Amino acid sequence: MAGSPAPCSVELLHAGHDREGFSCGVPALDQYLRTQASQDARKRVTVVFVLTPDGKTVAGYYTLSQHSLELTALPAETAKRLPKYPHVPATLLGRLAVSLAFRGHGYGHALMMDALRRSLAGSRSIASSLVLVDAKDDAAATFYAKHGFTTLRGIPSRLFLPMATVAKLVEQG
Ligand SMILES: CC(C)(COP(=O)(O)OP(=O)(O)OC[C@H]1O[C@@H](n2cnc3c(N)ncnc32)[C@H](O)[C@@H]1OP(=O)(O)O)[C@@H](O)C(=O)NCCC(=O)NCCS
């Protein structure tokens, strides 16, 4: 996209969003938005947020849901700060993608910060100790690592960020 990035807002996915026009270069993420996301949202399996400049075009999207993680999956340094319950409540940022037409203008970062703000706000009503993400490939893992995420023990594609760190990031803006 040439020039300055268009101002965008984040909305819950609705029927007026052009899901067919969305393409991020990862077929599974495009397909998910086109065919599965609305149904998952309706069935309350996940909440789907869309970044849009005009209420129709989908510049990007992400999904959030509740999750739980085995304490043993966390690095010892993190685990020792938590009570010794077998499972840790977490928030899963399951998917995050920006359309090819909107790449490289900070929208990915903006979506990530929006997801972290909502995760933090939610954790104040329903406890969550971590935000988890699934990296589809090495580039995605690098993108998440840039935001401070680190890998779980034995699951290199899944990364986490403690909610205390999320709070600091959100505070910094
Ligand atoms: C990863 C993705 C969301 C980034 O979107 P974007 O709008 O281009 O990202 P931004 O412009 O906000 O860039 C934010 C930072 O991440 C970096 N970054 C962006 N894409 C990256 C990538 N693929 N790998 C590594 N770093 C990346 C940018 O260089 C930038 O760093 P800086 O702040 O130091 O300059 C986008 O490339 C995408 O949708 N990829 C396909 C789907 C995907 O991999 N999703 C994530 C895992 S499911």
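A crossing of two helices is called left-handed if the near helix is turned anticlockwise from the far one by less than a right angle. In this predicted model, that is how α3 passes α5. Two packed helices are described by the angle between their axes and the distance between the axes. Here, α3 covers residues 107-123 and α5 covers residues 163-172; the angle comes out at about 120°, and the axes sit 9 Å apart. Angles from 65 to 115 degrees would count as roughly perpendicular and those over 145 as roughly antiparallel, so α3 and α5 end up oblique to each other.

As for who touches whom, α3 brings Met 113, Leu 116, Arg 117, Ser 119, Leu 120 and Ser 123 to the contact, while α5 brings Met 163, Val 166, Ala 167, Leu 169 and Val 170. Sorted by class, that makes eight nonpolar residues, two polar ones and one charged one.

Then there is the ligand, with 21 residues around it. The closest are Leu 96, Val 98, Gly 106, Gly 108 and His 109. Backbone atoms come into play here: a polar one of His 109 is 2.7 Å from a ligand oxygen, and an N or O atom in the backbone of Gly 108 lies 2.8 Å from an oxygen of the ligand. Arg 103 joins in through its side chain, where an N or O atom is 3.3 Å from a ligand nitrogen.

Helix α4, residues 138-146, has something to show at its start: a side-chain oxygen of Asp 137 reaches to within 3.2 Å of the backbone nitrogen of Ala 139. After α4 comes Gly 148, with a positive phi near 95°.

Conventions: Residues are numbered from 1 along each chain as its sequence is written. This is a predicted model: local features need pLDDT of at least 70, side-chain atom pairs count only at pLDDT 80 or more; totals for chains, interfaces and linings use all residues. Side-chain values use heavy atoms; hydrogens and water are left out. Axes are lines fitted to C-alpha atoms, for helices over the stretch in contact, and angles run from 0 to 180 degrees between N-to-C directions. Helices (H or I, at least four residues) and strands (E, at least two) are DSSP runs, numbered from the N terminus. Angles under 35 degrees count as roughly parallel, over 145 as roughly antiparallel, 65 to 115 as roughly perpendicular and the rest as oblique. Contact means heavy atoms within 4.5 Å. Ala, Val, Leu, Ile, Met, Phe, Trp, Tyr, Cys and Pro count as nonpolar, Asp, Glu, Lys and Arg as charged, and the others, Gly among them, as polar. A residue is near a molecule or strand if one of its heavy atoms lies within 4 Å of it. A polar contact is a pair of N or O atoms within 3.5 Å; within protein, one must be able to donate a hydrogen and the other to accept it, and residues adjacent in sequence count only if both atoms are side-chain atoms.
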